[in-house]
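Visitor: Could you walk me through this one? I have a few quick questions.

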Amino acid sequence: MSQAVADRQETEERQTVGGRFARLMDMGDGALAFWLLLPTAVLLLAIIVYPVCRLIYTSFLSLSLTSGLPASFAGLQNYRDMFADPVFWSSFWNTVIITVVTVPGALVVGMALALIANIPFRQRWAFRLALLVPWALPLAFCGLIFAWFFQSDYGIVNDVLRRLGLPTVIWFNSYAWATVAICLTTIWKTSSFMALIILAGLQTIPRSLYEAAEIDGAGRVRQFFEITLPLLRPAIAVALIFRTITALQTFDIPYTMTRGGPGTSTVTLAMYIRQNTVDFLDLGYGSALAVAMFALSMIVTVFYLRMIRRGA
Amino acid sequence: MATVSFCDLRKSFGAIEAVKGLDLEVADREFVVLVGPSGCGKSTTLRMLAGLEGISGGEIRIGDTVVNALPPRARDIAMVFQDYALYPHKTVYDNMAFSLRVRGIAKPEIESRIREAATMLDIDKLLERKPAQLSGGQRQRVAMGRAIVRRPKVFLFDEPLSNLDAKLRGQVRAEIKKLHQMIGTTIIYVTHDQVEAMTLADRIVILRGGVIEQVGTPDEVYDTPASLFVGGFVGSPAMNFVRAKRDGEELVLDGGERMAVCDLGPRAERVGQEIVLGIRPEHFVSSGDAPARLTGTVNLVEPLGADTLVHLDVEGATVTARVTPHFRPAVGERLPLGFDPARIHLFDPDSEKAVA
């Protein structure tokens, strides 16, 4: 008796589930797409669209937690202050310089590393493993390691210079040398990311293309420029987009290496935003700075996407 | 144009010997097909000739030049690859022009060679397209065009029809044959398909386990196979093999049928205690007036339109006969098949070589 009841319940459950599934299948394509995309759309609204809108809104407010005054609408005042602020401009140019130097630098080094990692040799697995190390290390950790490397008295870089008979450098006492140290560290840290993406791209190029080129008479250099480079274009574009956006947000390495010094000469945009929002609790001005960085990232992304579309 | 010669050519991959002392002379303007099952060393031999694979021993000559140590670009050869190896980012024109530009040939000369080859291959309307915008057959023709414009001494084809469907394969096969008749360059062609080999080759080289089993014209390898392997490899459906034991002046075939040894003609003297008879499916005739016959149970009938294939079970072995189109025996029927002992092939069961 109880078995019969259990069976009937199970049948009813199945029919209900089956019925729901059938109803789902009966929906039009548009309605089905809407319901499937809804959870993701809600999530994106909550964690991206709302914070961005809130950030833009805050950038029009006078909102400093240290003043004790309530938030008030300030119009474009924060933006006017920003354009008149010399530290904003120096941090903006520092960010641009780091981006312009380290992105192509990492691309060239990453390309070289990827080409080596793609050569069939016995210890290739070890080389590929070693490639992952800089990528896996936390940014702040790299900054601290390289701060020691560039330490003027007992750092390894000055030691090597000394052994080579070259003059040593007090790296963190001048803007120029500190920027060089930051850029070198950033290139070391980010080249492996570039290399991994380019290596994945290299592995999609069929070997027979190189064999055909060899029979056609092309040497290694010509093969690189006529086959490898054009076929790597999509991989390079992806690597450049990711790397440029993260370069525009550079924070950890200069923060741990120089703290923005000497003075405020190596402060980047991201460091200046943190300083204003966390140290000075000036949320209105900090938001205006963040909007500027957001705009810069968007401009670069649109530029790259257009380049990719033109090349496709 | 040039001759090609392989002298004691060897290739090892670690402990595995892929090519074991290959000797072959290819005449100028000859179309030679290397054929054999997977792993027989045919592609390795072609790649060694192209310079894409180093050699472990022996000598390769193109014309009078020993090319063992020459890089591929210095061998004056052109190769059509199995996957076509067209540069995907270049147009058809640029694919064909690439090797000429690399060699510093003047622009008007490049233009004229490409137009000539494109017209010959009927791809002159496709020159501005990229490989992704072409069908398989068109890509194949572009790959051939790229080879033709080079005007090399030797053309190499590495299973060029493998990626095409059956209909297109037949079409492109005919085009390759016509192309050879037009340009007359020496061609070395690798395939695992014996039909391709038979239809294209001036001479076929049958390889097995890194050694040559037989070299000959398509008729020679079909009519006088040198071994059991060649007999079974060439011809479709494959040759049937029936074991037989000598009993005085008679042979007792698997299945119990008997035939007189003297019916084998001059070969009768060389028949030992055991022998393998090789009978082509098309050589079976009506049993009534045949001097010898074989009886089996019909287990499958395949009507093909032009003829019918009948598969029989003879003492556990399958024997296939090609019979007239309207002959349709019933499955399960005991069917006697006649054959002419003069037309069958004899093989020594131990050495697997043909008994001549």
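Visitor: In the hairpin of β9(B) and β10(B), which residue takes a positive phi?

Guide: This is a predicted model. In that hairpin, B:G209 has a positive phi near 55°.

Visitor: And how many residues sit between the strands there?

Guide: There are 2 residues between β9(B) and β10(B).

Visitor: Do the two strands pair in the parallel or antiparallel sense, and over how many bridges?

Guide: Antiparallel: β9 of chain B, residues 203-208, pairs with β10 of chain B, residues 211-216, over 5 bridges.

Visitor: What stands opposite B:I204?

Guide: B:G216, which belongs to β10(B).

Visitor: Switching to domains. How is chain B divided?

Guide: The domain assignment gives domain 1 as 4-225 and domain 2 as 240-347. Their centres, taken over C-alpha atoms, are separated by 40 Å.

Visitor: And what are the domains of chain A?

Guide: Domain 1 of chain A covers 24-51, and domain 2 covers 77-311. Over C-alpha atoms, 36 Å separate the centres of these two domains of chain A.

Visitor: Now the interface. How many residues of each chain are in contact?

Guide: Chain A has 14 residues in contact with 16 residues of chain B.

Visitor: Which elements of chain A each supply at least two residues to that side?

Guide: α9 (207-216) and α10 (220-248) of chain A do. The largest share is from α9(A), with 7 residues.

Visitor: What is the make-up by class on the side of chain A that touches chain B?

Guide: That side of chain A has 8 nonpolar, 4 charged and 2 polar residues.

Note on methods: Residues are numbered from 1 along each chain as its sequence is written. Chains are lettered from A and ligands numbered from 1 in the order in which they are written. This is a predicted model: local features need pLDDT of at least 70, side-chain atom pairs count only at pLDDT 80 or more; totals for chains, interfaces and linings use all residues. Two residues are in contact if their C-beta atoms, placed from the backbone, lie within 7 Å. Helices (H or I, at least four residues) and strands (E, at least two) are DSSP runs, numbered from the N terminus. Ala, Val, Leu, Ile, Met, Phe, Trp, Tyr, Cys and Pro count as nonpolar, Asp, Glu, Lys and Arg as charged, and the others, Gly among them, as polar. Domain bounds come from an automatic or database domain assignment. Two strands pair if DSSP finds at least two bridges between them.
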